[in-house]
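User: Please take a close look at the helical pair at the start of the chain and at the aromatic residues, and then follow the chain onward from there. I would like one connected account rather than a list.

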Amino acid sequence: MVDIAPLRHFVTAFTELVGQDRGETELLDAGTRLLRTLVAEDDWLPEPFAAPDETAYRQYLLHCDPLERFSVVSFVWGPGQETPIHNHTVWGLIGLLRGAEFDQHYRAGPDGQLVANGAPIRLEPGDVGAVSPSRGDIHRVRNALPDRVSISIHVYGANIGAVRRAVFDPSGATKRFVSGYSNTILPNLGIGRPR
Ligand code: FE
């Protein structure tokens, strides 16, 4: 059994932080510091929340604030796995725990097509990135390692598994989606398997 004390401390501190009703910039600055501390050591994530799947990346809910002000999710990427291009509609923080990931941001070009917004950012263990509607909300994340599992810890400003948001194809075509979580049952959140 691993000692989950770092996660418990993180959840307690983040609950205090969202209760302070700060603006987004201050919240994300302070939240980044908390998440950086959490992912500085890779010795606390229980194995069931670090398990990859052969067919697609997994997203395991670790904690959802009772008021749904934030949620904490472990994303587990098998070799070569990636997300579609997607948005969030709320702020999000990505802390790299194990392995490495590429985070590619997109923006709408003049003709409505999505174009890469800068070069892909490579996240290494301990690194933290951010998304939000105000600072760039559309991206694609992929495992940077062809032969190993990578894991990142994500924090969002909502119960992200229940948020109505969108995936995009490169032409800019939009499809609504609700991600759910990979946890089998979360009855208190009205969520089962991801759709
Ligand atoms: Fe994302």
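Analyst: What follows goes from the packing of two helices to the aromatic rings, then to two unusual backbone angles and the metal site. The model is a predicted one, and every value below is computed from it.

The axes of α1 and α2 come within 10 Å of each other and cross at roughly 175°; because angles over 145 degrees count as roughly antiparallel, α1 is described as roughly antiparallel to α2. On the α1 side, the residues in this contact are Pro6, Leu7, Phe10, Ala13, Phe14, Leu17 and Val18, and they meet Leu27, Ala30, Gly31, Leu34, Leu35 and Leu38 of α2. Sorted by class, the contact between α1 and α2 comprises 12 nonpolar residues and 1 polar residue, with no charged residues.

Two of these α1 residues, Phe10 and Phe14, also belong to an aromatic cluster, which Phe70 and Trp91 complete. In the structure as a whole there are 7 aromatic pairs. Among them is the pair of Tyr57 and Phe75, whose ring centres lie 5.9 Å apart and whose planes meet at 15°, so the pair counts as stacked. This pair joins distant parts of the chain, since Tyr57 sits in the loop between α2 (24-39) and β1 (58-64) whereas Phe75 belongs to strand β2 (residues 71-77), 18 residues apart. Tyr57 and Phe75 are both buried.

The backbone deserves a separate remark, because most residues other than glycine have a negative phi. Asp21, which is not a glycine, nevertheless has a positive phi of about 55°; Asp21 is found in the loop between α1 (5-18) and α2, and with 71% relative accessibility it counts as exposed. Glu68, likewise a residue other than glycine, has a positive phi near 55°. Glu68 is placed in the loop between β1 and β2, and at 37% relative accessibility Glu68 counts as partly exposed.

The account ends at the metal. The iron ion is coordinated through the NE2 atoms of His86, His88 and His139, at 2.1 to 2.2 Å, and along the chain these donors follow the spacing H-x1-H-x50-H. Of the coordinating residues, His86 and His88 are buried.

Notes. Residues are numbered from 1 along each chain as its sequence is written. This is a predicted model: local features need pLDDT of at least 70, side-chain atom pairs count only at pLDDT 80 or more; totals for chains, interfaces and linings use all residues. Side-chain values use heavy atoms; hydrogens and water are left out. Rings of Phe, Tyr and Trp (its six-membered ring) pair if their centres lie within 6.5 Å; planes under 30 degrees apart count as stacked, over 60 as edge-to-face and the rest as tilted. Helices (H or I, at least four residues) and strands (E, at least two) are DSSP runs, numbered from the N terminus. Buried means under 20% relative accessible area, exposed over 50%, partly exposed in between (1.4 Å probe, protein chains only). Donors are N, O and S atoms within 2.8 Å of the metal (3.2 Å for Na, K and Ca); water is not among the atoms, so sites may look incomplete. Axes are lines fitted to C-alpha atoms, for helices over the stretch in contact, and angles run from 0 to 180 degrees between N-to-C directions. Angles under 35 degrees count as roughly parallel, over 145 as roughly antiparallel, 65 to 115 as roughly perpendicular and the rest as oblique. Contact means heavy atoms within 4.5 Å. Ala, Val, Leu, Ile, Met, Phe, Trp, Tyr, Cys and Pro count as nonpolar, Asp, Glu, Lys and Arg as charged, and the others, Gly among them, as polar.
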